[in-house]
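Below is a set of questions and answers for a reader who is meeting this structure for the first time. Each answer sets a computed value against the definition behind the word.

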Amino acid sequence: MRLLNTTSFKLESFLGPQKPSYAILSHTWGKMEDEVLFDDITAGEAWNQKSGATKVHESCKTAKTRGYGYIWIDTCCIDKSSSAELSEAINSMFRWYEMSDICFAYLADVAEDSITENSTYEDFASTLASSKWFTRGWTLQELVAPKQVVFFNKHWEPIGDKFRHAPELSKITGIQILVLRRGHGSIPPRWKDHVSVSNKCICGCRSPYISIRAILRSFSTAQKMCWASKRETTREEDTAYCLFGLFEINMPLLYGEGGPKAFFRLQKQIIRQSNDQSIVAFSRYKLFSPSPLADSPRNFEGGDSIYPRTRSENFDEVRYQITTSDQEIVVELLVCPLADTETVLAALLDCSIDGDPFCRPVILISAEQDTQNGPRYNRADKELYNTTFLPESQDLSTADLQQAIMTKVSFPAVQERAMRLFLPSLRVIKDIKYEPYTIECIYPQSIQLPLLNPGVGFVFLSKLGYPRFVVAWKVQTNSLEPACNVQLGCELWIASDLFREEMNVLKKLQDGSLQEIEFETSRQYIYRKSSHWGSEDHMVLSGSPPLQVRAQIISVTFLERRVAELKVEVMKGD
């Protein structure tokens, strides 16, 4: 571990468990070229000219004023050019924040005088809620792990701390006060006054000493995932990597594998060391997939109500298991069939809703294929139910629930395969019968690779003196097999009407700078805006003379290969 000397501004390395007391910085990154990096601080004094130097100087000054000779800052204390060092740092980061004496949370977007240490709790909550710091994935562990967190505004003036403002921080983040205060009571109001002797706080709260890791283990996987459900990271894989510490996971980093795959690996690692079935207690925020595991923490939004099952040593209770291998995920569940169906089962998870032992989360599962060891199951829909609320016409009575039997349910251990489907290639035919319209762009360029279901894209056409128009197409299927029945549809829109709410997308489409995440937003926007998605559509373009446009999409077979053929005709109007 490297620490920055707060006096000399030099990096010093410390190996082994013996390290000096140190402060640690939590912040959101600015532009990469503005931050003081490892190479900058080891190359001489030139880093002082960078705009990010102020953050380094002020954090060192603050630490030194509070009596600390060292501080850890992620921008300059990690050599990110070394993949081995980066992997070690990310796997150790929660522990480094946990072992720090104090954490300085620098909120660069909180203005001077907007809040002070004497502000009301309401002012504190409303001001901090809008800060970018509370939306980033990495700052979650940076809030949870340290003993003390002091918040500073953009001018490095202290505006509050984690312990005193725990109720307001809990409202902003969804993290329980128990976690933010490490199990201590609110009196005395400052963390430094809570002194533990013989594993018990000798101050007013008299709370037993509990490590933050022990406290986190008392919360369900779904609850901890919920804390991260609204947070974002710059690199999609970091959506999973920033959660290592919360779940006490160590895993190799594979940047380039993609966010869903990284999150899938994380969940399998959690299963290997925990029997907590709340890891499958989620509903999907977008398209349905039969996979038993989620593709993102966003699936766990609302998971704060999923409590782990409490067990008593005085009762001989069944301990349900959940295990994983390369081929399957096996969950021991109580299952019973739903009314009016023999194929869909209600599976009761071994956890509870809001701590009520009689209210259990329920997922619907269905058998998909037989194996040598019995059937394989998949999620039957994207919703999460409970034992007091199940789909209409598929309700379960108390008697039905009493008949539920414990079954080992095997799910295929594949990563989110239903989110991407093998769809036919797209062929665009332009038939211009009256003065040429030019195709400005086709997005995506091809759908020969698996796409999100439904596959949605658009073709832009333009001509001087006439409105630009868009042909939007949709290719959708309800099956996972390439040979399944595919539904095709298209619609015509004037470009300015379609992207009135997202004109920046239109500009980026034209100059080729549209990013994948922006296309996904536009794809969902087009899909929602659609009214009918028929196999063909007509439109009249104003001008002299007016023009008629006709779009048609059909499925054709060429050399035993299916092709979605989109035909666009422009002709002189009557």
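Q: Why is tyrosine 106 called buried or exposed?
A: Tyrosine 106 has a relative accessible area of 13%, and buried means under 20%, exposed over 50% and partly exposed in between, with a 1.4 Å probe and protein chains only, so tyrosine 106 counts as buried. This is a predicted model, in which local features need pLDDT of at least 70 and side-chain atom pairs count only at pLDDT 80 or more, while totals for chains, interfaces and linings use all residues. Residues are numbered from 1 along each chain as its sequence is written, and side-chain values use heavy atoms, with hydrogens and water left out.

Q: What makes the pair of tyrosine 106 and tryptophan 156 stacked?
A: Rings of Phe, Tyr and Trp (its six-membered ring) pair if their centres lie within 6.5 Å, and planes under 30 degrees apart count as stacked, over 60 as edge-to-face and the rest as tilted. The centres of these two rings are 4.5 Å apart and their planes lie at 5°, so the pair is stacked. Tyrosine 106 lies in strand S5 and tryptophan 156 in the loop between strand S6 and strand S7, so the pair ties together parts that are 50 residues apart in sequence; helices (H or I, at least four residues) and strands (E, at least two) are DSSP runs, numbered from the N terminus. Tryptophan 156 is buried as well, with a relative accessible area of 9%.

Q: How do you know that phenylalanine 134 and phenylalanine 151 are stacked?
A: Their ring centres are 6.2 Å apart and their planes are at 25°, so this pair also meets the terms for stacking. Phenylalanine 134 lies in the loop between helix H5 and H6 and phenylalanine 151 in strand S6, so the pair ties together parts that are 17 residues apart in sequence. Both phenylalanine 134 and phenylalanine 151 are buried.

Q: How do you know that the span of helix H12 agrees with its number of residues?
A: The expected span of a helix is 1.5 Å times one less than its number of residues. For the 15 residues of H12 (residues 259–273) this gives 21 Å, and the end C-alpha atoms are 22 Å apart, which agrees.

Q: What makes helix H10 mostly covered?
A: In H10, 8 of its 8 residues are buried, among them Met225, Cys226 and Trp227. The buried residues of H10 pack against elements including helix H6, helix H7 and H12, where contact means heavy atoms within 4.5 Å.
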